[in-house]
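Trainee: Got a minute to go through this one with me? I'd like to talk it over piece by piece.

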Amino acid sequence: MSKLQEKRKSSESGSNIKVSPARQQEMNKGPMKSVFEVENLNLWYGSNQALYEISMQIPQNQVTAIIGPSGCGKSTYLKALNRMVEMVPSVKTSGTIKYNDQNIYKDKLTVEYLRTKVGMVFQKPNPFPKSVYDNVAYGPRVHGIKKRAILDQIVEKSLKDAAIWDELKDRLNENAYSLSGGQQQRVCIARALAVEPDVILMDEPTSALDPISTLKVEELVQELKKKYSIVIVTHNMQQAARISDNTAFFLNGELIEYADTNKLFQNPDDKRTEDYITGRFG
Amino acid sequence: MFEKNAGNLQKKVNNRVWLNKGMRTLFLGATLVGLIVLALLFYRVLTQGLGYLSLDFITSLPSPSFEDAGIWAGLIGSIWLMVIVAVVSIIIGVATSLYLEEYAPKNKIADIIRINIQNLAGVPSIVYGLLGLTFFVYMFSIGYRLLAGGLTMALLILPIIVVASQEALRSVPNEVKEASYGMGATKWQTIARVTLPAALPGILTGTIIALSRAIGETAPLIIVGAAAAIYTLPDSLLSKYTAMPIQIYNWTARPQDEWQYVAGAGIIVLLAILLIMNSIAVLVRNKFQKRF
């Protein structure tokens with residue numbers, strides 16, 4: 001647990017009350033602990049508004065799915081969380097996004113720190129044209145780890161966590177481009193894990209993959225949520241229903257409904273959500 | 001079908017097919033014009049110069065008598081020039097392109113700078129010669145020395161290198177840069193580890209082609225004072241110097257017929273070096289082409 005989280009815990013529980021470690025662990029697992037708190041987020045590409053007044057909390061160690069039709073702002077929202085959206089120069093935002101109670105737009109929190117703690121897996125597998133090993137070791141090296149023995153450990157652990165170690169342990173020096181699409185995507189997940197983030201943002205990670213690779217990635221997500229908080233954008237509603245704990249439905253840049261996945265799919269509050277999940281549009 | 005009558009349709013199709021054939025011939029003709037001129041050039045140069053070309057010619061210093069004259073001073077001078085030009089223009093050019101592509105804000109001012117650099121690539125070389133004369137020869141008091149010539153030539157090809165490097169940087173897919181930024185890498189780390197290695201083949205190709213333009217340039221060197229004939233090789237940045245094109249120009253300007261053959265031999269050496277440089281550029285490009 002980071003110092004910040006500890007601070008937050010102690011301030012929540014009051015300075016006089018001692019919390020047992022077991023209880024504290026319980027509380028960390030509790031549904032109320034959130035990694036992201038987004039309030040009144042508006043976002044513009046130039047003069048086009050893409051997001052309207054989004055307020056949403058993202059719970060720790062759970063899988064949060066974001067669904068919605070194409071162009072509804074779900075990817076934009078995801079990329080706002082680690083400020084990747086700023087790769088587009090004309091982007092402007094208002095509102096607040098707090099990551100572990102820190103405002104991500106305040107100068108004290110550099111964008112490099114944020115992206116170290118909030119990793120990302122992209123829609124299209126995007127390995128570097130380097131070996132599998134160098135791909136996974138990229139992040140640790142960027143953060144200054146040079147010793148081969150430590151890098152070896154990180155690479156092995158990350159590939160194991162991404163459930164691809166057994167397939168690739170004898171092919172670490174092969175160029176990542178020679179792997180299949182599904183393997184490339186899991187190497188990209190391993191690469192994201194190697195930086196030891198808290199949160200992993202996944203932007204339609206299976207949209208370029210075949211069904212078997214998709215299944216493997218979905219199983220992996222289930223496994224990863226024990227250690228990480230995961231936000232996954234998907235246009236595949238079955239996938240959201242299968243793997244997520246909470247689901248948010250976006251439409252035309254607005255957050256229409258955000259609820260427990262079972263509730264949202266079985267008994268949505270909003271008519272538009274119902275229309276979308278029953279396939280009446282989208 | 002648009003046309004019910006089969007005969008009419010056939011006629012219409014025939015017209016299009018003939019037009020296609022006509023255009024093909026036209027384009028082939030245009031290509032041949034260039035090829036024929038090139039062949040004539042080669043023929044003229046080879047018939048004039050080949051007889052005079054020998055190892056002796058390459059390794060001899062200039063001489064008042066055409067039997068002894070050689071291109072060694074020009075060759076060495078050109079190599080010195082190219083080293084200065086390459087070092088100065090690659091460092092400044094690549095740094096400029098990195099700033100413009102990766103760091104500069106995308107606004108009007110940056111756009112104006114970009115367009116102006118492209119325009120600079122089209123400025124006549126003699127203008128750079130005058131610039132070099134004003135700044136390097138007089139203002140910085142370098143005089144008619146190797147360094148002044150090298151810096152002038154570096155300025156001349158700087159815009160070409162900047163534009164080529166910008167294009168190479170732009171061709172690196174955004175996805176891999178995003179992957180790097182997504183792990184908390186800074187801009188510089190991303191450039192050094194991902195963008196620049198991926199863009200390097202393109203940058204090298206552009207640079208070599210720019211250098212091969214510089215090695216054939218005559219006009220700016222005449223202005224910044226490359227010597228018409230020197231009998232010693234340059235041994236420092238502040239030596240007097242000459243270059244191959246200057247040497248050739250000087251030979252062709254002499255009245256006796258024999259000097260034309262000497263000039264022809266010089267042109268062959270210059271062309272051979274150009275050809276080697278361009279081949280290296282092609283090799284570099286092919287070797288790294290399939291990285292993305």
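**Talking through the model**

Mentor: Sure. Start with a salt bridge: Arg148(A) pairs with Asp152(A), and their closest N and O atoms are 3.5 Å apart. Keep in mind that this is a predicted model.

Trainee: Okay, why are Arg148(A) and Asp152(A) separated by about one helical turn?

Mentor: Because they sit 4 residues apart in helix α6 of chain A, which covers residues 148–161.

Trainee: How many salt bridges over all chains?

Mentor: The count is 21 by the rule used here.

Trainee: And how many between chain A and chain B?

Mentor: Just 1 salt bridge between chain A and chain B. Lys124(A) and Glu175(B) form a salt bridge, with the closest N and O atoms 3.6 Å apart.

Trainee: What about polar contacts across that interface, how many residue pairs?

Mentor: There are 5 residue pairs in polar contact between chain A and chain B, counting those where both residues are at pLDDT 80 or more. On the chain A side, α4 (111–117), β6 (118–121) and α5 (132–142) each bring at least two residues to the surface that touches chain B.

Trainee: Which element gives the most there?

Mentor: That's α5(A), with 4 residues.

Trainee: How many residues does each chain put into the contact?

Mentor: Chain A puts in 24 residues and chain B 19 residues. Together the two chains bury about 1800 Å², and 63% of that is on carbon and sulfur atoms.

Trainee: Which three residues of chain A supply more of its buried area than any other three?

Mentor: Met87(A), Tyr138(A) and Val142(A), which supply 27% of the area chain A buries against chain B.

Trainee: Switching to chain B, what does UniProt list as "transmembrane region"?

Mentor: The unreviewed entry lists residues 26–46, 71–100, 120–140, 146–164, 214–233 and 259–284 of chain B.

Trainee: How much helix is there over residues 120–140 of chain B?

Mentor: That stretch is 76% helix and 0% strand, with its end C-alpha atoms 23 Å apart. Residues 146–164 of chain B come out at 100% helix and 0% strand, and there the end C-alpha atoms lie 26 Å apart.

Trainee: Where does UniProt place the "domain: ABC transmembrane type-1" feature?

Mentor: At residues 75–280 of chain B, again from an unreviewed entry. In the model, that span is 76% helix and 0% strand, and its end C-alpha atoms lie 19 Å apart.

Trainee: Last one: which residues form the nonpolar patch on the surface of chain B?

Mentor: Leu28(B), Leu32(B), Leu35(B), Ile36(B) and Leu40(B), with about 470 Å² of accessible area together. One of them, Ile36(B), is in helix α1 of chain B, residues 6–49.

Key
Residues are numbered from 1 along each chain as its sequence is written. Chains are lettered from A and ligands numbered from 1 in the order in which they are written. This is a predicted model: local features need pLDDT of at least 70, side-chain atom pairs count only at pLDDT 80 or more; totals for chains, interfaces and linings use all residues. Side-chain values use heavy atoms; hydrogens and water are left out. Patches are made of residues with over 30% relative accessible area and no salt bridge: like charges are joined within 9 Å, nonpolar side chains (Val, Leu, Ile, Met, Phe, Trp, Tyr) within 5 Å. Accessible areas come from the Shrake-Rupley method with a 1.4 Å probe; for residues, only the protein chains shown count as cover. A salt bridge is a side-chain nitrogen of Lys or Arg within 4 Å of a carboxyl oxygen of Asp or Glu. UniProt positions are given in the numbering used here, feature names are shortened, and annotations may be inferred rather than shown by experiment. Contact means heavy atoms within 4.5 Å. Buried area is the accessible area (1.4 Å probe) that two parts lose on being put together, summed over both. A polar contact is a pair of N or O atoms within 3.5 Å; within protein, one must be able to donate a hydrogen and the other to accept it, and residues adjacent in sequence count only if both atoms are side-chain atoms.
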